[in-house]
Amino acid sequence: MSMTMSQKILAAHAQVDEVRSGQLIMADLDLVLGNDITAPVAIKEFAKFGVDSVFDPSKVALVPDHFTPNKDIKAAQQCKMMREFAAEKEIENYFEIGQMGIEHALLPEQGLVNSGDLIIGADSHTCTYGALGAFSTGVGSTDMAAGMATGKAWFKVPSALRFHLTGKFSPWVSGKDLILHIIGMIGVDGALYKSMEFTGPGVSSLSIDDRFTVCNMAIEAGAKNGIFPVDDTALAYLAEHCKRTPIVQKADDDAMYDATYEIDLSTIRPTVSFPHLPDNTRTIDEVGEVKIDQVVIGSCTNGRISDLRVAAKILDGKKVNPQVRTIVFPATQEIYLQAMEEGLLKIFVKAGAVVSTPTCGPCLGGHMGILAEGERAVATTNRNFVGRMGHVGSEVYLASPAVAAASALTGFITNPETIEEK
Amino acid sequence: MKAQGTAFRYGDNVDTDVIIPARYLNTSDPKELANHCMEDIDATFIQKVKQGDIMVADKNFGCGSSREHAPLAIKTAGISCVIAASFARIFYRNSINIGLPILECPEAAAGISAGDTISVEFSTGIITNETTKKSWSAEPFPPFIQKMIHADGLINYLKKEVLA
């Protein structure tokens, strides 16, 4: 057999010894996820099945995170529909405001993701959980409905691209810079329909939060999933969060890859995606003078505690540029609390930033930081499409928390290496 | 089954945020969604589109979000078929699941201009540009997906195959 790590997980869930790329399979799901935008459509489709209950109330997760706390009456109606469905179907993993967090930070934190799992979510950034060695991928609402009813989904088995990592990041360089670099290299459809598998000695130097960020943006290269090997770092995270015994799948030594990219992490520079596609990347040394109006630090890509620590380190004892609205979104309540206990929230507020409750909010132009015509934001989010954060004439520059925080201080896209620490 | 209509022509990487901007996703009503379809890159699309018209684009059509609201808005706006050089995978999957016919054919995409009259024969995958009299043959769906289309979408297919 010569299967990739992703193929091994798919084969195990289709109860077959082997799968080949291109093969269509029906596979058993460990978790089905939806949010306040996608679940209402799925709930309507679910009704068409004519079944009374979901396949397993412990394996469905519903997270109202996009337009919450409800931004308007229509959003409130959508959330109400989801809340009532969760109660009626006795969904165990429904997270009300107060327990809620941004879904892709929340689910691993709450122990709902195990290595070796097969997970679908009606949200394109469901690919995040590959950081823990799970096969997870985004689907639409009808797939979510079918998954809730049957516990199954169909998959076309993907081939894979391998990213063989060596070396270590320089200071102020993070997982965000790595994934932006990769997307810039292969393009927004560079991994279309494929797995992105990360291997090599460089993996061990990446924190679990770096890996979440890298896998989170696999979709921005068109990938079906991104996945890391299950090493000590992943096992330590799982031991802390997930009650289940880890399942460790490994790629075969003779696994076939469509291509292998060698990446020396020490050569990665802080990287920025210019409007209006994530593959429009420049290193920080090439950005030139770009004046900004807003900084957003947060999202399912970069709203974790290590992201907030990096931002706080840069902002500590300083003031943001008065012309830059700086908005920080801890991704979950636990992260919020931890940031409070570590004194990070105080640093943000004293620096003149605002700290918001967890929400997807401005990342998708929902609420809590919408841009006017002609305005520019540096955001640690994942997409910079036309109109993504507001007016069609506004611009989003994707970057790491370090670049975003440094830029908040100066009012221009700024290299964090040039900021003097307190 | 045949579709015929006027081509609306778009470029590379048409993303789900321009197909249906997130600011309108506080509803799941297909008609309301359709009213805002494509408005950020083609403000007059919804006024001009007629039932049966065809959408044509270059590579990676539908990239970005998993929102099924995107193919739903296109279908409800009256588009009978989307032809592109390539599709983003979640959009492709969602379109099949909701019954919006989509065909991957780089040659046809390259040979169609805005306003051309296009006809598509779904059983054979033959795409004809009636304006220029050129035709192309799109890759047919694999049998598994044909069965799903035959069953009128994923839900009916699964009801028959899995829950029965």
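In what order do the four strands of the open sheet of chain A, with its parallel pairing, stand? In this predicted model, the strands of that open sheet follow the order β10-β9-β8-β11 in chain A, and their pairing is parallel. The edges are taken by β10 (225-227) and β11 (259-264) of chain A, each of which has a single partner strand, so that one side of each is left without a neighbour in the sheet. From one strand to the next, the twist averages 20 degrees.

Within this sheet, strand β8 (residues 160-166) of chain A pairs with strand β9 (residues 195-199) of chain A in the parallel sense, and the pairing extends over five bridges. One of the residue partnerships can be named: Leu161(A) has Met196(A), in β9(A), as its bridge partner. As a general point, strands of a sheet pair through backbone hydrogen bonds, either parallel or antiparallel.

A pair of helices in chain A can be described next. Helix α10 (residues 305-315) of chain A packs with helix α12 (residues 344-351) of chain A at an angle of about 45 degrees, and their axes are 9 Å apart. Because angles from 35 to 65 degrees fall outside the parallel and perpendicular classes, α10(A) is oblique to α12(A). The crossing in which α10(A) passes α12(A) is left-handed. The residues that make the contact are set out by helix in the table.

| Helix | Contact residues |
|---|---|
| α10(A) | Leu308(A), Arg309(A), Ala312(A), Leu315(A) |
| α12(A) | Leu344(A), Ile347(A), Phe348(A), Ala351(A) |

Sorted by class, the contact of α10(A) with α12(A) comprises seven nonpolar residues, no polar residues and one charged residue.

Towards the start of chain A, helix α1 (residues 5-13) is mostly covered, since eight of its nine residues are buried. The buried residues of α1(A) are Met5(A), Ser6(A), Gln7(A), Lys8(A), Ile9(A), Leu10(A), Ala11(A) and His13(A). After α1(A) comes Gln15(A), whose phi is positive, near 55 degrees.

Finally, the two chains meet: 38 residues of chain B are in contact with 43 residues of chain A. On the side of chain B that touches chain A, the helices α1 (16-19), α5 (89-98) and α8 (154-163) of chain B each supply at least two residues. The residues on that side of chain B divide into 16 nonpolar, 12 polar and 10 charged.

Technical notes:
Residues are numbered from 1 along each chain as its sequence is written. Chains are lettered from A and ligands numbered from 1 in the order in which they are written. This is a predicted model: local features need pLDDT of at least 70, side-chain atom pairs count only at pLDDT 80 or more; totals for chains, interfaces and linings use all residues. A residue is buried if 20 or more other C-beta atoms lie within 10 Å of its own, exposed if 12 or fewer, and partly exposed in between; C-beta atoms are placed from the backbone. Two residues are in contact if their C-beta atoms, placed from the backbone, lie within 7 Å. Ala, Val, Leu, Ile, Met, Phe, Trp, Tyr, Cys and Pro count as nonpolar, Asp, Glu, Lys and Arg as charged, and the others, Gly among them, as polar. Two strands pair if DSSP finds at least two bridges between them. Axes are lines fitted to C-alpha atoms, for helices over the stretch in contact, and angles run from 0 to 180 degrees between N-to-C directions. Angles under 35 degrees count as roughly parallel, over 145 as roughly antiparallel, 65 to 115 as roughly perpendicular and the rest as oblique. A crossing is left-handed if the near helix is turned anticlockwise from the far one by less than a right angle, and right-handed if clockwise.
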